[in-house]
Amino acid sequence: MFSISIEVNFCYGHRLMNHSGKCKHIHGHSVKAAITVTADELDENGMVCDFSNIKKVAKSYIDQDIDHNFLLYKDDPLIPQLVESHERHRVLDEHPTAEVIAKMIYKTIKNHGFNVSKVTLWETTSTYACYQED
């Protein structure tokens, strides 16, 4: 099996309402996501696929939906205030953890026809979360 990976850097804000530590407060992250795509056979160019094709889809989605956006769980009481003040935000059905964001990216890349095997999201330089399906 062959694999290639691209990395994309972006920023987002969030809070984890049910967290017992400081992550329950509004804060932000400057993160890196690694997206890995696999193939059993190489294409006619000797590639899994062109890196730029994956990056184009990933950057488009991340720039539109996640980068410099405030991610909130659907029950967060801040939502009406953000709506009223016209602040950029995105409401999620799940808590906006690194794991959930990795899954969001994974699903988007997969829905665009890529054989994505894993998305890793570094929330800090020393901590990361991964999403992959069996």
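Which residues touch the most other members of the largest nonpolar core? In this predicted model, they are Phe10, Ile35, Ile66, Ile105 and Leu121, out of 34 residues in that core. The views below begin with the whole chain and then turn to its parts.

**Figure 1. The whole chain has three helices and six strands.** Along the sequence, these elements follow the pattern β-β-α-β-α-β-α-β-β. The C-alpha trace spans about 55 × 30 × 25 Å along its principal axes. The chain has 134 residues, and 42% of them are buried. Among contacts between residues at least 6 apart in sequence, 59% join residues at least 24 apart.

**Figure 2. The sheet is open and has six strands.** The order of the strands is E4-E3-E1-E2-E5-E6, and their pairing is mixed. Strand E4 (89-92) and E6 are the edge strands, each pairing on one side only. From one strand to the next, the twist averages 35°. Strands of a sheet pair through backbone hydrogen bonds, in either a parallel or an antiparallel sense.

**Figure 3. E5 pairs with E2 and with E6.** The pairing of E2 and E5 is antiparallel, over six bridges. Across this pair, Lys32 stands opposite Trp122 of E5, and Ala33 stands opposite Leu121 of E5. E5 and E6 also pair in the antiparallel sense, here over four bridges. These two strands form a hairpin, with five residues between them. In the hairpin, Val119 stands opposite Tyr131 of E6.

**Figure 4. H1 and H3 lie across strands of the sheet.** H1 lies across E1, E2, strand E3 (69-73) and E4. The direction of H1 is at about 15° to E1. H3 lies across E1, E2, E3, E4, E5 and E6. The direction of H3 is at about 145° to E5.

**Figure 5. H1 and H3 pack against each other.** Their axes are 10 Å apart and meet at an angle of about 130°. H1 is therefore oblique to H3. The crossing of H1 past H3 is right-handed. On the H1 side, the contact is made by Val57, Ala58, Tyr61 and Ile62. On the H3 side, the residues are Met104, Ile105, Thr108 and Ile109.

**Figure 6. The largest nonpolar core draws on both helices and strands.** Phe10, Ile35, Ile66, Ile105 and Leu121 touch the most other members of this core of 34 residues. Two or more residues come from each of strand E1 (2-14), strand E2 (27-39), helix H1 (51-65), helix H3 (98-111), strand E5 (116-122) and strand E6 (128-131). H3 gives the most, with eight residues. Another core, of five residues, lies apart from this one. Among the members of that other core are Phe70, Leu78, Ile79 and Leu82. Nonpolar side chains tend to be buried together in soluble globular proteins.

**Figure 7. Ile66 is one of the residues that touch the most other members of the largest core.** Neighbours within four places in sequence are left aside here. Among the contacts of Ile66 are Phe10, Cys11 and Tyr12. Ile66 is also in contact with Tyr61, Leu71, Ile101, Met104 and Ile105.

**Figure 8. His68 is in the loop between H1 and E3.** His68 counts as exposed because its relative accessibility is 57%, and the cut-off for exposed is over 50%. Leaving aside neighbours within four places in sequence, His68 is in contact with Cys11, Tyr12 and Arg88. Its phi is near 50°, a positive value in a residue other than glycine. Most residues other than glycine have a negative phi. From C-alpha to C-alpha, His68 and Ile4 are 27 Å apart in space, and they are 64 residues apart in sequence.

**Figure 9. His86 is in the loop between helix H2 (79-84) and E4.** His86 is not a glycine, although it has a positive phi of about 60°. Is His86 buried or exposed? His86 is exposed, because its relative accessible area is 73%.

Methods. Residues are numbered from 1 along each chain as its sequence is written. This is a predicted model: local features need pLDDT of at least 70, side-chain atom pairs count only at pLDDT 80 or more; totals for chains, interfaces and linings use all residues. Side-chain values use heavy atoms; hydrogens and water are left out. A nonpolar core is a set of buried Ala, Val, Leu, Ile, Met, Phe, Trp, Tyr and Cys residues joined through side-chain atoms within 4.5 Å. Buried means under 20% relative accessible area, exposed over 50%, partly exposed in between (1.4 Å probe, protein chains only). Contact means heavy atoms within 4.5 Å. Two strands pair if DSSP finds at least two bridges between them. Axes are lines fitted to C-alpha atoms, for helices over the stretch in contact, and angles run from 0 to 180 degrees between N-to-C directions. Angles under 35 degrees count as roughly parallel, over 145 as roughly antiparallel, 65 to 115 as roughly perpendicular and the rest as oblique. A crossing is left-handed if the near helix is turned anticlockwise from the far one by less than a right angle, and right-handed if clockwise.
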